[in-house]
Each structure stands twice: as C-alpha cells, then as structure tokens.
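I opened my notebook to look at strands and charged pairs. Here is the structure I had in front of me.

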Amino acid sequence: MARLIRSLRKPLTLTLTHQFHHQQQQLCISQHLFRRSYISEMRKSAFEGNILRLLRNEIQYELQSSSPNDPVTKFSSFMVDGRAGERWITLKKRYADEDIKLEVTMFDGAVPAPTPTPDGGVINSDEMQMHITVIVTISKGEGDGVLQITCSAWPDYVEIKKLFIRANENIIDEPYVGPEFTELDDALQDSLYDFLEVRGINDELAVFLHQYMKRKDKTEFVRWMERVKSFIERK
C-alpha cells in the first residue's frame, strides 16, 4: 500500500513541479514584456518631450525675432488675400472693364544676384536673389477668353516670361502658348511691359511681393510648427 502511494505521489509531484516552473516562466516573460513596454514608453515620452521642447524654443525665437504685423489686405488698388496655410496669395482688382487676378507663389527659387562691374558688365555675386512666380489673369467677361501672363517677380522688378489667350479661365487644356517672350520684337516687348505697368503690375509690386513673402514665410513656418506641436501633444 505504501509502495502504491509513493508511486502515485511521484507523478503528482512531477506534475506540480512542472506547473510551478511553467508559471515561473510565464511570470518572467510577463515581467520582461512589462519592462520592455515601460522602457519603450519612457523612451517615447522622452523623445516626444525633446521634440516639444525644441518646437517651443523655435516658436518663441521666431515670434521674438520680429514684431507682429497686422495682415496686409490691400496694396495700391489691389485687394490682397493672404490665403493662410497655403503657398499662394491672390491679388485682385478691377481696371476699366477688366477683372485682373494675380496668383503669386511664395519664394520658389533663387539665383545668384547680378552685380555691375566697373567696365559696365555684370557678374554673378555670392549673394542670392529670391524668385517669385506671378500668374496674371485678365478677363473681360464671359465668352471673351482670358489673357494669361506668367511673370517672374525679382526683388526690384517684374519680368514677363509667357503670355497667351485661354478660351476660358476654368478650362484645363494645353493651348499653344506662343514663342518665348524674349523672341518677340523689342518694341512689342516694351509695349507689353507698358500694358502691365498701367494696370499696376510693375517694379513697385515686385518690391511689395518680396516684402510680403518674407513675412508670410515666417508666419507659415510658425503655423506649421504649432500644428506639429499640437499633434504630438495630442493623447
């Protein structure tokens, strides 16, 4: 009888021992996973905290480095729409029987600034001048087509690049856009610059656009950082 009890006790003991070791292993795995999760969460929190600190510092620096400006809503006879959060602004005006709209990019390129030489030539300097694209659309009512002129606005002058007639401002097509502007007769080129000049699209406008875009560039940068910061802070 004692031998039978001992023979039954041995498997039972082995079973209990096996269960105990299995539970210990499961506990160790759970503790390991918990530590890994805790460490991962701590690293994530520290990483996000560092990003937030850098963003706050950069936002504060940008706000302190220049005084706030009231939004500009008008330049000369143009009404200005700053289109917050976008890379474009829009200027509109009415001239005689024409509706004139200017769609203007933020800075979209840069080239070396030309520097006059003593002998009357021009060389490229180490300084860069920023480029802005201006798309001028002039319409005279429905059915009359629209004149579209693509210009470059440099820091102190406007340069015509292309002009053509579209059948309708809202139709997306591939019209023949004519020759390069510089290939036109010099007198015709001068007349087209005069055409824009009387409509307020001139060197003064170029100066204004560069000043405006410097402010917009800073404003949009701060807005972008604020949005990134808000997203990271969101739980």
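The entries below go from a hairpin to the salt bridges.

**Ground rules.** I worked on a predicted model, where local features need pLDDT of at least 70, side-chain atom pairs count only at pLDDT 80 or more, and totals for chains, interfaces and linings use all residues. Residues are numbered from 1 along each chain as its sequence is written, and side-chain values use heavy atoms, with hydrogens and water left out.

**Hairpin.** I looked up strand E7, residues 146-154 (strands are DSSP runs of E, at least two residues, and helices are runs of H or I, at least four, numbered from the N terminus). Eight of its nine residues are buried (under 20% relative accessible area; exposed is over 50%, partly exposed in between, with a 1.4 Å probe and protein chains only). I then found that E7 runs antiparallel to strand E8, residues 157-166, with nine bridges joining them (strands pair if DSSP finds at least two bridges between them). Two residues sit between E7 and E8 in this hairpin. I noted one bridge pair, Thr 150 with Lys 162 in E8.

**Salt bridges.** My search of the whole structure gave 12 (a side-chain nitrogen of Lys or Arg within 4 Å of a carboxyl oxygen of Asp or Glu). One of them joins Lys 218 and Glu 62 at 2.7 Å, N to O. This pair links distant parts of the chain, helix H3 (residues 203-233) and helix H1 (residues 2-64), 156 residues apart. Lys 218 is partly exposed at 26%, while Glu 62 is buried at 12%.

**Within H3.** I found Lys 216 bridged to Glu 220 at 2.9 Å. They lie four residues apart, about one turn of the helix, and both are buried.
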